[in-house]
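Please look through the sequence and the model shown here, and then follow the description below from the overall fold to the surroundings of the ligand.

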Amino acid sequence: MIDDPGPGSHPSPDQDSCQVEPRPSGSAWARKFAFALAGLIYAVRSQNSFWIHLPIAVAVIAVAAWLQVEAWRWCMLVVATGMVIAAELVNTSIEMIVKVLHPDHDVRIGHALDAAAAAVLVTAIGAVTVGLITLGPPLYQWMSD
Ligand SMILES: Nc1ncnc2c1ncn2[C@@H]1O[C@H](COP(=O)(O)OP(=O)(O)OP(=O)(O)O)[C@@H](O)[C@H]1O
């Protein structure tokens, strides 16, 4: 029987083969969720970018709740905010993998890291645009009342 290393630990190369895995059971799904949650917690604690993203996300959610916006506005805000956080997680993952696998300076690695950072920037610009379009009119309405 293979020891379960738990979230935050990783299988050795011989365990990490390309065999077709059996359908995950309930506890296997719980383990997958625990690994993902561990990754989220680690990224938030180690990346100062999240110290900007998360307060903004909380503020947007608070304003939307306070204004009691319609469901479609909630959907837009949740998707836009989720995309920024997801892009930041992928960017964090790429940065950390590069630091382990290729810590030496390489122009191609630089381009790859820049592209990953650009993905975060693009989603952030999109999220700001969505925020203005979805929260702007209800905020204006509230100020006019
Ligand atoms: N190994 C490398 N080779 C070439 N360029 C690199 C390399 N590592 C970093 N860079 C350049 O430095 C930039 C910043 O990379 P880095 O991984 O330090 O991002 P950061 O967001 O500043 O990291 P941190 O999370 O440590 O604050 C990259 O976008 C890239 O242009």
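**From fold to ligand shell**

The chain has four helices and zero strands, where helices (H or I, at least four residues) and strands (E, at least two) are DSSP runs numbered from the N terminus. This is a predicted model, in which local features need pLDDT of at least 70 and side-chain atom pairs count only at pLDDT 80 or more, while totals for chains, interfaces and linings use all residues. Residues are numbered from 1 along each chain as its sequence is written.

Of the 145 residues of the chain, 12% count as buried; a residue is buried if 20 or more other C-beta atoms, placed from the backbone, lie within 10 Å of its own, exposed if 12 or fewer do, and partly exposed in between. Helix 1 (residues 26-46) lies largely in the open, because the number buried among its 21 residues is zero.

The ligand is surrounded by Gln47, Glu95, Val98, His102, His105, Asp106, Ile109, Gly110, Leu113, Asp114 and Ala117, each with its C-beta atom, placed from the backbone, within 6 Å of the molecule. Helix 3 (71-101) and helix 4 (107-144) are the elements that give two or more residues to this shell, and helix 4 supplies the largest share, five residues.

Within helix 3 lies glutamate 95, where UniProt, in an unreviewed entry, places the feature "binding site"; such annotations may be inferred rather than shown by experiment, and UniProt positions are given in the numbering used here, with feature names shortened. Glutamate 95 counts as partly exposed because 15 other C-beta atoms lie within 10 Å.
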